Amino acid sequence: MPNPPHHANTHTRRTVLKSTTVAAASTALLPDAASGAASPAAANPGDVVRVTLSVNGRSRVVDVEPRVTLLDALRERLGLTGTKKGCDRGECGACTVLVDGERIKSCLTLAVMRRGSEITTVEGLADGDRLHPVQAAFIRHDAFQCGGCTSGQIMSAVACVREGHTGSEAEIREWMSGNLCRCACYQNIVAAVADAAREVRR
Amino acid sequence: MKAFGYTQARDAADAVSLAHRTPGAGFIAGGTDLLNLMKDGVQRHDHLIDVNRLDLAAVTGTATGLHIGGLARMRQVAEHPAVRKGFPVLAQALLASASPQVRNMATIGGNLLQRTRCGYFRDTASACNKRAPGSGCPALAGWNRGHAVLGGSEHCIATHPSDLAVALTALDATVHVLGPGGPRRIPIGEFHLRPGDTPNVDTALRPAELITAVEVPNSRTATGSRYLKLRDRATFEFAVVSAAAALHLDGRTVRDVRLAFGGIATTPWRSPDAEAALRGRSLTVETISEAGRALVRDAVPRHDNGFKVELVQRALAELLNGMGGRR
Ligand SMILES: Cc1cc2nc3c(=O)[nH]c(=O)nc-3n(C[C@H](O)[C@H](O)[C@H](O)COP(=O)(O)OP(=O)(O)OC[C@H]3O[C@@H](n4cnc5c(N)ncnc54)[C@H](O)[C@@H]3O)c2cc1C
Ligand code: FES
Ligand code: FES
């Protein structure tokens, strides 16, 4: 599946718009909800839409076509590469982020659909140098090998603990089942989630 | 993914009217099936109408039953106290579906409209009568382990993958839709269509129609309902075979029963014959196996899926035994 074209940074994006599509861009850049525009968002195919996302407590603006997924907006536009792309089909969980506190797969949603939502990525978990209890538990329990699935596992675990689905090993396995680990670190991941749940409840 | 336009609909009427007048438009709810299909070029909309802001997400227990908004999320429905108490098969089917992340995103309307997981359908390099009418069905003579033994035609044997739809079929639900011509109701048994000569048409939904709600009537069978899903791995997988039973038992006598099945048919499969083999009779090993035989009487097994004929009968027996058949 070819991805929509990416632009390395805002500067490049602007340059492209300026040099090639000035007229189109000026009509296509739509005001977002936060700016108080009254009419609902609308864009034509190929239009670039200005989307304000709230990511890890900071307001971030991205100019994207409607077809850009939240995952690609985070990674390619905002440089937040902690969120991983595994399958891009909702099957592996590597792209898990929290939206308004709930875990979702960011490869299966569009950035334009998430205006005004509060998004938390793995970069937003630690408090300065103090790791989130789930992050610390993953390190204590050596709950990864290659790390490809880890940020998704951690984001999913944060939600799993918050949802209270950590009563037993079987319950943790069921409620963490949307996150696959090709290195098969499941034993240690389950231990880390159980430990983090105890830590958080304390 | 091909480029597409995007509009956020304000309300249901706005969404329907946008869909009606915008060429190549489709609704996007959770996006969990649609975006996969769009990425793979299986579905190619020119414009997506975002229905997520519509006020259609409430789940309410009413005097006569359950009202589920078309935009309610799978998780929300599974957790709802009225669902867990009065319609356990629904909560069980939802919790056995997909993953926690997908259930946070996916809606009830979108779930009913999810497309088949048939590998030929999802691979644009393959022929497929459902995706490209007239191109042929490679599953008939090809790899058909996941395919249907009931309800197929010479043009298509793809199964419908929804667990929710199987549960709703056992609960006699009604789908409420709003279209350019106004609202109408579709009984769940008439919602999903067998492939026949037009496998490209999955459902009775007409162009630009929006699912606004699903209504489920209260009943004694609903209260005593259960779901059993058999998968190739323990969890996070579609059904190989599934069974939903809604049962009203009086001692060992079956007062009333509704049986629906997934994984074996081209649509969520209600079996009146299997129900008739049980209704008014005692729930015993004999009547249960009679029901199982009635269920598969017209089965047409293919090269790789013949095992389902046996498996679904065992699933039914397992489910009913757990509901009082052996006591
Ligand atoms: C990894 C994975 C595993 C899964 N496992 C399971 C499983 O085990 N069991 C199971 O049952 N399902 C499973 N699913 C499927 C999942 O349940 C569906 O993708 C989901 O329910 C679709 O809902 P949605 O809101 O995301 O729909 P979308 O993807 O937004 O839309 C799907 C279709 O419905 C249309 N649509 C959506 N809402 C409406 C409406 N209100 N009115 C009219 N049209 C509408 C859209 O136009 C589109 O054509 C799985 C999905 C994934 C990605
Ligand atoms: S990248 Fe989103 S689930 Fe795999
Ligand atoms: S640590 Fe390698 S995929 Fe999980």
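Ala, Val, Leu, Ile, Met, Phe, Trp, Tyr, Cys and Pro count here as nonpolar, Asp, Glu, Lys and Arg as charged, and the others, Gly among them, as polar.

**View 1. Residues around ligand 1 in the predicted model.** Ligand 1 lies between chains A and B, and the shell that surrounds ligand 1 holds 32 residues, of which F27(B), G31(B), T32(B), T107(B) and D163(B) are the closest. By class, this shell around ligand 1 divides into 14 nonpolar, twelve polar and six charged residues.

**View 2. Backbone contacts to oxygen atoms of ligand 1.** A polar backbone atom of D33(B) lies 2.9 Å from an oxygen atom of ligand 1, and a polar backbone atom of A98(B) is 3.0 Å from an oxygen atom of the ligand. For E237(B), a backbone N or O atom is found 3.4 Å from an oxygen atom of ligand 1. Of the 980 Å² that ligand 1 exposes when taken alone, the protein buries 96%. Two or more residues of the shell around ligand 1 come from each of strand 2 (25–28), helix 2 (34–39), helix 7 (108–112) and strand 8 (210–217) of chain B.

**View 3. The contact between the two domains of chain A.** Chain A is divided into domain 1 (6–124) and domain 2 (133–201), and 16 residues of domain 1 of chain A are in contact with 16 residues of domain 2 of chain A. Between them, these domains of chain A bury about 1100 Å², with 50% of that area on carbon and sulfur atoms. Within domain 1 of chain A, the residues that lose the most area to domain 2 of chain A are L98(A), R103(A) and V122(A), which together make up 49% of what that side buries.

Key: Residues numbered from 1 in each chain as written. Chains lettered and ligands numbered in written order. Predicted model: local features only at pLDDT ≥ 70, side-chain atom pairs only at ≥ 80, totals over all residues. Heavy atoms only, no water. Near = heavy atom within 4 Å. Polar contact = N/O pair within 3.5 Å; in protein donor to acceptor, adjacent residues only side chain to side chain. Areas by Shrake-Rupley, 256 points an atom, 1.4 Å probe, with all protein chains shown as cover. Helix = DSSP H or I, 4+ residues; strand = E, 2+ residues; numbered from the N terminus. Domains from an automatic or database assignment. Contact = heavy atoms within 4.5 Å. Buried area = accessible area lost by both parts, 1.4 Å probe.
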